[in-house]
Structures are given as C-alpha cells and as structure tokens.
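New to this one? Here is a quick briefing to read alongside the sequence and the 3D view.

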Amino acid sequence: VRLPYFLEYHRSLGIDRFMVVDNASSDGTTDYLLLEKDVHVFYTEESYAQSECGVDWLNLLLSNFGAGHWALTLDADELFVYPLCERAGLKLLTAYLDSVNAQAVTTFLLDMYSDKSIKDTVCLPGVPFINECNYFDNNSSYSQRDHDGIPVRGGPRHRLFWQGRNRKRPSPLLKKIPFVKWRKELFYEASTHVISNVRLSSLTAIL
C-alpha cells in the first residue's frame with residue numbers, strides 16, 4: 001500500500017537506487033518490487049526481533065553497498081523532508097553537506113494522523129500520505145528535547161499509547177539519523193536512532 005508513493009516521492013528528490021529488505025512478506029510486496037527497475041530486493045525469513053529489529057540487516061547492506069555514498073535509510077511509511085526540498089534535490093543537498101564537511105543529518109520523527117480513528121484511516125497506493133494524514137501535534141505535546149532543541153519523546157505515540165499506562169520502557173525515541181555519508185567502519189546501534197563517529201550537520205530535517 002505505501003511503497004508506490006514512497007518510491008515516487010524519493011525518486012522526485014533524486015534517489016536512483018533503492019535496496020529493500022523484504023522480511024517474508026505475503027501481501028504482494030515482493031512481486032511488486034521485482035518489477036521496479038531501480039529496486040534491489042533482499043529477502044529474509046529470519047526473525048526481525050532476533051536481528052536487533054533489523055539493524056543487523058541494515059548494517060550488512062550499508063557496509064557492502066553504501067561505503068563512499070550518501071545513504072538514506074527509511075521505513076516504508078517515512079518521507080525525508082529537509083529545507084527547500086520542494087525545489088532542491090538531494091544532489092544539491094549532498095553537495096552542500098560535503099562542502100561543510102558534514103557526514104550525517106539528524107531528523108525529527110513527526111507522526112502524522114487523520115481526523116478519523118486509526119482503523120478508519122486508509123491510505124491508497126500511489127496517493128500522497130499527507131492527503132489522508134494531514135494533522136500533527138503542536139509543540140507542547142513534546143516533553144523531552146535534546147541539547148539542540150529537537151524533540152526526542154512525546155507526541156502522538158506517547159499521548160495515545162504510553163501516557164497513563166504502566167509501561168516498563170519509555171515511549172519511542174523520535175530522533176533519527178537516517179542520512180549518512182557511509183564508511184565501512186560505521187554501524188547503526190539502535191535502528192537509525194544511534195550512530196557514532198559521524199560529524200552531524202547543523203542542518204536538520206524531518207521524517
């Protein structure tokens with residue numbers, strides 16, 4: 001459902017090669033992706049949980065195919081949004097990042113939703129996600145920020161699924177570092193939330 005627009009959106013920014021990990025899907029995803037000429041499909045039936053929530057797969061692919069390139073690592077429901085992205089493609093962005101000797105871009109994970117219940121919110125293939133989910137929480141919904149002021153906890157996930165509940169762990173981290181000039185020795189430590197030994201750009205973006 002999400003992949004047609006996900007691919008279209010990121011192609012419009014200048015992505016010309018996608019590498020997708022298909023974790024034993026059964027909804028036609030594999031057949032759909034194999035028909036896309038700019039998509040490389042990697043298939044596994046291994047446990048997502050036992051692969052450190054996919055981090056083992058990501059690090060292996062990035063090490064083998066990403067070294068020396070700017071790599072954007074996303075979930076299928078995420079869109080990469082950065083300043084002037086409506087007019088400036090990723091080639092301009094990477095040229096700027098290289099010119100200031102930056103190696104990675106930090107993002108804030110902004111959860112969007114509709115004016116209907118979750119079960120009644122349906123995204124159609126090829127249709128922009130924001131057509132259906134065009135609402136987001138205001139600033140006061142985020143209770144915890146990092147030293148740069150980027151929200152790291154709160155928002156809809158905390159408000160709907162954590163607040164008032166006896167959870168053993170804190171609500172999900174809303175800070176990611178998905179855009180990285182990859183080197184062989186790099187590796188993600190917790191999804192794309194944590195990576196060491198990179199110089200972060202002062203420019204920030206949103207997923």
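What follows is a short tour of the cores, two unusual backbone spots, the cysteines and a surface patch.

Keep in mind that this is a predicted model. Its largest nonpolar core holds 33 residues, and a second, separate core has 11. There are 0 disulfides in the structure.

**The cores**

- In general, nonpolar side chains tend to be buried together in soluble globular proteins.
- In the 33-residue core, the residues that touch the most other members are Phe6, Phe80, Tyr82, Leu90, Leu93, Leu97 and Phe179.
- Two or more residues of this core come from each of α1 (3-13), β1 (18-22), α4 (90-99), β4 (104-108) and β10 (200-206).
- The largest share belongs to α1, which supplies 6 residues.
- Ala71, Trp182, Leu186 and Tyr188 are included in the second, separate core of 11 residues.
- Want a good place to start looking? Try Phe179: leaving aside neighbours within four places in sequence, its contacts include Phe80, Leu90, Leu93 and Leu97.
- Phe179 is also in contact with Trp70, Ala71 and Leu72, as well as Thr94, Gln103, Ala104 and Val105.

**Two residues with positive phi**

- Glu52 is not a glycine, yet it has a positive phi of about 60 degrees.
- You'll find Glu52 in the loop between β2 (39-43) and α3 (55-66), and it is exposed, with a relative accessible area of 54%.
- Asn101 is not a glycine either, and its phi is positive at about 65 degrees.
- Asn101 sits in the loop between α4 and β4, where it is partly exposed at 49% relative accessible area.

**The cysteines**

- Why does Cys85 have no disulfide bond? The closest cysteine sulfur, in Cys133, is 18 Å from the sulfur of Cys85, so the two are too far apart for a bond; a disulfide needs the sulfurs within 2.5 Å.
- Cys85 is buried, with a relative accessible area of 12%.
- Cys53, by contrast, counts as partly exposed at 43% relative accessibility.

**A patch on the surface**

- Met112, Ile130 and Phe136 make a nonpolar surface patch of about 290 Å².
- Met112 lies in the loop between β4 and α5 (129-132).
- With a relative accessible area of 30%, Met112 is partly exposed.

Notes:
Residues numbered from 1 in each chain as written. Predicted model: local features only at pLDDT ≥ 70, side-chain atom pairs only at ≥ 80, totals over all residues. Heavy atoms only, no water. Core = buried A, V, L, I, M, F, W, Y, C linked by side-chain atoms within 4.5 Å. Buried < 20%, exposed > 50% of the residue type's maximum accessible area, 1.4 Å probe, protein only. Helix = DSSP H or I, 4+ residues; strand = E, 2+ residues; numbered from the N terminus. Contact = heavy atoms within 4.5 Å. Patch = residues over 30% accessible without salt bridge, like charges linked within 9 Å, V, L, I, M, F, W, Y side chains within 5 Å. Areas by Shrake-Rupley, 256 points an atom, 1.4 Å probe, with all protein chains shown as cover. Salt bridge = Lys/Arg side-chain N within 4 Å of Asp/Glu carboxyl O.
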